[in-house]
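Visitor: I am new to this structure and should like to be guided through it by questions. May we begin once it is in view?

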Amino acid sequence: MSTPLIEIPATQHRIDMGELSSYVGGQQLTDIKADDECVSLRWNDASQGHFPLLWLRDHCPCIQCRHPLTRERLFVPLADIEVAPQATLVKGNLRLQWADSHVSLFDAVWLHQRRPDNDIDPVGELLRIRRPWSTNFVPTHVLHADSMSEEGERHWLETLLRDGLVLLDEGPLADEEVSRIARRIGPMRASNFGARFDVYSKPNPNNAAYTSIGLALHSDLPNWRQPPDIQLLYCLQNDAAGGESLFADGFAVAEALRQAAPQAFRTLCETPIDFRFQDEEQDIGIRAPVIELNATGQLREIRFSNWIRDTLRLPFDEISPWYAAFRQFWQLLHDPKHQIELALVPGQMAAFDNRRVLHGRRAFDPTTGKRHLQGTYLDIDMIESRLRVLQRNP
Ligand code: OGA
Ligand code: ZN
Ligand code: ZN
């Protein structure tokens, strides 16, 4: 794990050089040079950085430029800076005095981490490392008790981001434990099914999940503009016959489709279809493609739920090709080499990336025993946030 990005802590707003040098063991500046365009710096590890003047002025950490309590930016960078500041080294850190005599003090390590063209954000990097499942993928298990320590929590959250699926084992058989786990990370993301939902067969179900039928691989709430990022499903009871959980890495399978059937892949990327949920109170729908790519052609998200696909509203000529593409994707997803199956045991929780990894379950027989899961959702922003906070004390 790389060094976390240091922030100038809120308590350090009365910034003085004694405090600035408190990042022991970090880089120190050895050379500085300022002209009317930029300040060039060299550190004691021989690295170099060039900082445009306006960038430095914009990032001044003093209490006129940053709010002393919130540390949020007050300075607004509207005027260009065309006069070289006076630059001096103070205990290996940088002091700049600007033409209007404003003084900015910069920590050497803080500057080193943010030198242009060398942008690092350890959590951002982690998010980019999505490891596709191999055909013999086995999910990582973390003990619930271990996830309570900072190190264990970091491990399960990092695994969740990397693999899109992680299991927490041997948790308590306690109502709402899923909510307690979620709240340690961030506020639960509410939906039309509530902030925290129970999955068992209900007398008047408004959703296939609340019956005992099998659920083919799907993502939750693809009918929302912003489907939930992360889903937690906590097993409290599972002694009915059947009800095994199914998972598949939608990104890995979409890449397999891109290779095997490029035309089908393109059809699913380029054809928005309707997803819609309706009950007595709500009617929530969106038109979006099954596979969404970002501007550089990388996978961004999979929307997949056969039972809340709405009427397929497409021009006549596009209907048959769309079904053919859907069928190919479906078959690949449900191929045993891509789909994994496991039986959740009471006290076990699956956490997964709902916009990448598809989930499902086998049918169960409610006359043979009880099956009860509790679930909730989290925004991925909160997972990233939690990891950044945990990295403050590596
Ligand atoms: C759901 C769901 C899975 C299960 O509630 O959306 O997929 O195992 N449940 O019951
Ligand atoms: Zn300032
Ligand atoms: Zn689901």
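Visitor: How far is an oxygen atom of ligand 1 from an N or O atom in the side chain of Arg361?

Guide: The model is a predicted one. Arg361 is among the residues that surround ligand 1. Between an N or O atom of the Arg361 side chain and an oxygen atom of ligand 1, the distance is 2.8 Å.

Visitor: How much of the accessible area of ligand 1 does the protein cover?

Guide: Besides the contact with Arg361, a polar side-chain atom of His218 lies 3.1 Å from an oxygen atom of ligand 1. For the side chain of His359, an N or O atom is 3.0 Å from an oxygen atom of ligand 1. On its own, ligand 1 has 290 Å² of accessible area, and the share covered by the protein is 96%.

Visitor: Which elements give two or more residues to the shell around ligand 1?

Guide: The shell around ligand 1 includes Leu215, His218, His359, Arg361, Arg371 and Leu373. Strand E10 covers residues 215-218 and strand E20 covers residues 357-361, while strand E22 covers 371-378. The elements that give two or more residues are therefore E10, E20 and E22.

Visitor: How do the residues of that shell divide into nonpolar, polar and charged?

Guide: Val199, Ala209 and Leu233 are also among the residues around ligand 1, as is Asp220. By class, the residues of the shell divide into five nonpolar, two polar and three charged.

Visitor: Which residues are the protein donors of the zinc ion (ligand 3)?

Guide: Two residues already met in the shell of ligand 1, His218 and His359, also serve this zinc ion, each through NE2. His218 is in strand E10 and His359 in strand E20, 141 residues apart. The donors lie 2.0 to 2.1 Å from the zinc ion (ligand 3), and they are His218, Asp220 and His359.

Visitor: Is His218 buried or exposed?

Guide: A residue counts as buried under 20% relative accessible area. The value for His359 is 6%, so His359 is buried. The relative accessibility of His218 is 4%, so His218 is likewise buried.

Visitor: What is the geometry of the site of the zinc ion (ligand 2)?

Guide: The protein donors here are Cys60, Cys62 and Cys65, through SG, and His102, through NE2, at 2.1 to 2.3 Å from the zinc ion (ligand 2). Their spacing in sequence is C-x1-C-x2-C-x36-H, and both Cys60 and Cys62 are buried. The angles among the four donor atoms are 103 to 115°, and because four donors count as tetrahedral when all angles lie between 85 and 135 degrees, the site is tetrahedral.

Visitor: Where does Lys91 lie?

Guide: Lys91 has a phi near 50°, a positive value in a residue other than glycine. With a relative accessible area of 55%, Lys91 is exposed. Its place is the loop between strand E4 (86-90) and strand E5 (93-97).

Visitor: Is Glu176 buried or partly exposed?

Guide: Glu176 is in the loop between strand E8 (165-169) and helix H6 (177-185), and its phi is near 75°, a positive value in a residue other than glycine. Its relative accessibility is 26%, so Glu176 counts as partly exposed.

Visitor: What percentage of the residues of the chain count as buried?

Guide: The chain has ten helices and 22 strands. Its C-alpha atoms fill a box of roughly 80 × 55 × 45 Å, taken along the principal axes. Of its 394 residues, the share that count as buried is 50%.

Terms used: Residues numbered from 1 in each chain as written. Chains lettered and ligands numbered in written order. Predicted model: local features only at pLDDT ≥ 70, side-chain atom pairs only at ≥ 80, totals over all residues. Heavy atoms only, no water. Donors = N, O, S within 2.8 Å, 3.2 Å for Na, K, Ca; no water. Helix = DSSP H or I, 4+ residues; strand = E, 2+ residues; numbered from the N terminus. Buried < 20%, exposed > 50% of the residue type's maximum accessible area, 1.4 Å probe, protein only. Tetrahedral: all angles 85-135°; square planar, octahedral: opposite > 155°, others 65-115°. Near = heavy atom within 4 Å. Polar contact = N/O pair within 3.5 Å; in protein donor to acceptor, adjacent residues only side chain to side chain. Areas by Shrake-Rupley, 256 points an atom, 1.4 Å probe, with all protein chains shown as cover. Nonpolar A, V, L, I, M, F, W, Y, C, P; charged D, E, K, R; others polar.
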